[in-house]
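This report describes the architecture of one protein chain for readers working at the bench. Please consult the sequence and the structure shown below while reading.

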Amino acid sequence: MAQYSPAIETLSVDELAALRWKKLRYHLEHTYRTNAFYRRLWERHGVRPEDIRTLDDYRGRVPLVRKQDLLDDQQAPPPFGTRIGVPPEQLAGIYWTSGTTGIGQELYGHTTADTFYYGHTWTHGLYWAGVRRGDRFFNCWPGTVGQLAGPDSMTRGLMLLGANAIHVGTQSTDDKLKHMRRFSPQHLAAVPAYLQRLTAACEEAGLVPREAFPDLQSIVLATEAYSADWARQMEEIWGARLQEMYGSTQQGGGLAFTCERGAVPDGRHGQMHILEHLSYVEVLHPETREPVGEGEEGEIVLTTLTRDASTLLRFATDDKVVYLPGGSCPCGRPFAAFLAGNISRYDDMLKIRMVNVWPSAVDAVLFAYPEVAEYQGRVFLNDAGQETVTVRVELKPTTPPDRREPLRAELERQLRGQVGTRMDVVEADEPLPRFEFKVRRWTDERKQGRQRVLYTAR
Ligand SMILES: [Zn+2]
């Protein structure tokens, strides 16, 4: 087993819990003293740090913070509001979120130490993935250092490990492949949709990935859910192990990473180990707000334990995960985990004709077919005001003409059977947009449609 930080990774579950509690206690006191935003919030809820004697007190009494609370605070006074927690002259970095919800971007300030920790989170996961000094690591995410925390913290993690980061995210897919052939990377980072795209591009160029890139050992995925079938297929095609990480700007880098067992050990989704010595994570049922049990779904509520600036206590992330308790991975590490392949956002869910539809479920159905290159879903109200779903599917050019119509009909049947609601599948007659970082395959036009229907009815 490749331990990056043996002093932490060989702790027992209880020892790790004790360490985390000690850090959390300190963090509560410190934040109360230094951070006007939290002091005001807790005073409003009648909470003082000395009242918090157990984790149950913490969960029961310390209020949750949501994205909107942070955005509201940012206005008074702009740009940071009152939650930065350090004097301005200590700020050594500014980041903002990539804005998945479209309601606005939170700003995060970093001290020099925050920026170090942010890269340090990654070193664990990269090392577990097999990245070593001198390795060639291809970063297909758009951007390197900059205002987006994901690519920036990964870059810093690679630097701390002494690996060669080769940033190709802003280049065309053809140019990426050219550089990959030139440098023969040992590791690659891409979102699942982009890995899919890269695979299709290899096929079009007549390249067999496992032969064209013989040094490739690992592919690090992030930001999207994927099925175990798809992952196994990718491992086979690329001759490399899939790894996965979960991180966020809010967290300041990476929060959870797969170990050397990868994202699909034994053909099933594995675990992303939460770096619990750096953050305190609760996984709560979105309605009852109680901690979920083993194998159950809940929302990540995040408390950062190492951030000096823009610290977060009980931030409700809106990210949906499946929780696994500490010590349950055969690797023996004490960290609790998220099930690999299953991260999504609560606000991604579409309610269609009373059925909860997760885009990741549609992905799993469609991308199980190797002929499917990309798709786009649209939910709208038809002229009769009924909820309608159209899924435009782009098939790979290699798909024979006589296979296309039967495949279209089969996809429609499978979606209905597995997702539980009717979707009209049509073949796209032009190439669909590709995604390099955050995926947006769905548009929901029901709101506009409703206004139109109301207007017509009047
Ligand atoms: Zn493990």
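Is C329 buried or exposed? C329 is buried, because 20 other C-beta atoms lie within 10 Å. A residue is called buried if 20 or more other C-beta atoms lie within 10 Å of its own, exposed if 12 or fewer do, and partly exposed in between, with C-beta atoms placed from the backbone.

The structure is a predicted model, in which local features need pLDDT of at least 70 and side-chain atom pairs count only at pLDDT 80 or more, whereas totals for chains, interfaces and linings use all residues. Residues are numbered from 1 along each chain as its sequence is written.

**Surroundings of C329**

C329 is located in the loop between strand 12 and strand 13 (337-339). Helices (H or I, at least four residues) and strands (E, at least two) are DSSP runs, numbered from the N terminus. Not counting residues up to four places away in sequence, C329 touches C259, R261, Q271, H273 and A337. Two residues are in contact if their C-beta atoms, placed from the backbone, lie within 7 Å. The C-alpha atoms of C329 and I219 are separated by 20 Å, and these residues are 110 apart along the chain.

**Domains**

The chain is divided into domain 1 (1-346) and domain 2 (350-457); such bounds come from an automatic or database domain assignment. Their C-alpha centres lie 30 Å apart. Contact between the domains involves 22 residues of domain 1 and 16 residues of domain 2. On the side of domain 1 that touches domain 2, helix 9 (192-204) and helix 11 (228-238) are the elements that give two or more residues. Helix 9 gives the most, with seven residues. The residues of this side of domain 1 divide into 10 nonpolar, seven polar and five charged. Here Ala, Val, Leu, Ile, Met, Phe, Trp, Tyr, Cys and Pro count as nonpolar, Asp, Glu, Lys and Arg as charged, and the others, Gly among them, as polar.

**Enclosed elements and strand pairing**

Strands of a sheet pair through backbone hydrogen bonds, either parallel or antiparallel. Two strands are taken to pair if DSSP finds at least two bridges between them. The table lists four such pairs.

| Strand pair | Sense | Bridges | Facing residues |
|---|---|---|---|
| Strand 6 (residues 218-222) and strand 7 | parallel | five bridges | V220 and Q243 |
| Strand 10 (residues 279-284) and strand 11 | antiparallel | six bridges | Y280 and T303 |
| Strand 11 and strand 12 (residues 315-324) | antiparallel | five bridges | E299 and K320 |
| Strand 17 (residues 372-381) and strand 18 (residues 387-395) | antiparallel | nine bridges | F380 and T388 |

Eight of the eight residues of strand 7 (residues 241-248) are buried, so this strand is largely enclosed by the rest of the structure. Both of its faces are covered, with R241, Q243, M245 and G247 buried on one side and L242, E244, Y246 and S248 buried on the other. Strand 11 (residues 297-304) is likewise largely enclosed by the rest of the structure, because seven of its eight residues are buried.

Helix 6 (residues 112-128) is largely enclosed as well, because 13 of its 17 residues are buried. From its first C-alpha to its last, helix 6 reaches 26 Å, close to the 24 Å expected at 1.5 Å a residue; the expected span is 1.5 Å times one less than the number of residues. G130, whose phi is positive, near 100°, follows helix 6.

**The four-stranded sheet and R441**

Strands 19, 18, 17 and 20 form an open sheet in the order 19-18-17-20, with mixed pairing. Strand 19 (424-427) and strand 20 (442-444) are the edge strands, each pairing on one side only. From one strand to the next, the twist averages 20°. Helix 13 (residues 401-419) packs on the sheet, where it touches strand 18 and strand 19, and its direction makes about 155° with that of strand 19. Axes are lines fitted to C-alpha atoms, for helices over the stretch in contact, and angles run from 0 to 180 degrees between N-to-C directions.

R441 lies in the loop between strand 19 and strand 20. Where does the chain bring other residues into contact with R441? Leaving aside neighbours within four places in sequence, the contacts of R441 are P359, Y375, Q376 and G377. R441 and G377 are 64 residues apart in sequence, yet their C-alpha atoms are 6.1 Å apart in space. R441 is buried, because 21 other C-beta atoms lie within 10 Å.
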